[in-house]
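Here is a short briefing on one protein model. Please look over the sequence and structure before reading on.

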Amino acid sequence: MNIIELKAGTAVQIEYYAGGQKKEYDTAIVGIKKNIVLVEKITESDGTYVKFPPEMIGNLLYTKDGKLYVWSDIKAEQVMLKKELYCKITLSKEEGEIINRRNAFRLFVGKQTSVSITTADGAKHYSVMLKDISQTGFGFISNEEFDMGKRAEIRFDMGEGKIATLTGHIVRIRQVSEGRKEYIYGCELSNPSDFLAKYIMKQQMQGRNK
């Protein structure tokens with residue numbers, strides 16, 4: 001779905017993480033121009049305005065007919081227009097992706113961890129932020145430059161003393177922004193994980209019950 005298909009007044013959700021914390025906010029579209037989406041101002045439960053951190057990585061979500069559409073890796077900022085406060089969202093791409101909630105739902109993690117990248121000289125370890133996980137893959141953010149196709153092995157803290165090791169290959173690379181040496185890597189798991197799918201489903205259920 002292209003973002004321009006959404007009309008003024010359409011209910012959407014912003015989710016993002018920064019500093020190891022995940023945030024979610026409901027809002028509605030005011031207007032759209034190419035990859036810029038203007039939505040109603042975002043406030044906390046106490047009525048104070050949200051200040052989006054510059055290092056945020058987030059998604060714009062829209063649900064229709066039971067399908068979840070996601071515009072990933074957005075940036076958001078509160079802006080004043082004609083003496084009114086709005087939230088300006090900058091999309092990384094105009095086309096939204098349909099996410100299957102049961103099989104390929106991406107669960108935000110937003111935690112620092114380590115990744116092992118296999119090179120011709122052997123495996124090297126780097127400190128990265130694990131962005132999200134799904135049954136079929138994971139994403140991480142790093143200041144280092146890695147090549148497409150490289151084998152990546154990352155440690156994932158599932159809580160309660162459980163550590164999972166996810167192994168895959170880099171299939172997507174995107175620079176966070178021009179002039180900023182920070183990259184988002186998408187990795188496809190070597191083998192889809194049933195235990196990971198169960199963990200994600202459990203987290204989804206807990207999130208809905210909060």
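What does the secondary structure of the protein come to? The answer is one helix and 13 strands, where helices (H or I, at least four residues) and strands (E, at least two) are DSSP runs numbered from the N terminus. This is a predicted model: local features need pLDDT of at least 70, side-chain atom pairs count only at pLDDT 80 or more, and totals for chains, interfaces and linings use all residues. Residues are numbered from 1 along each chain as its sequence is written, and side-chain values use heavy atoms, with hydrogens and water left out.

**Overall**
- From the N terminus on, the elements run β-β-β-β-β-β-β-β-β-β-β-β-β-α.
- Of the 210 residues, 43% are buried (under 20% relative accessible area; exposed is over 50%, partly exposed in between; 1.4 Å probe, protein chains only).

**Cores**
- The largest nonpolar core has 24 residues (a nonpolar core is a set of buried Ala, Val, Leu, Ile, Met, Phe, Trp, Tyr and Cys residues joined through side-chain atoms within 4.5 Å).
- Strand 8 (107-119), strand 9 (122-133), strand 10 (137-142), strand 11 (151-159), strand 12, strand 13 (180-189) and helix 1 (194-208) each supply at least two residues of this core.
- Another core, of 23 residues, lies apart from it and includes V50, F52, L60 and I74.

**F138**
- F138 is among the residues with the most contacts inside the largest core.
- Beyond neighbours within four places in sequence, F138 is in contact (heavy atoms within 4.5 Å) with residues including L130, I154, L166 and Y185.

**V171**
- V171 sits in strand 12 (residues 162-177).
- V171 is partly exposed, at 34% relative accessible area.
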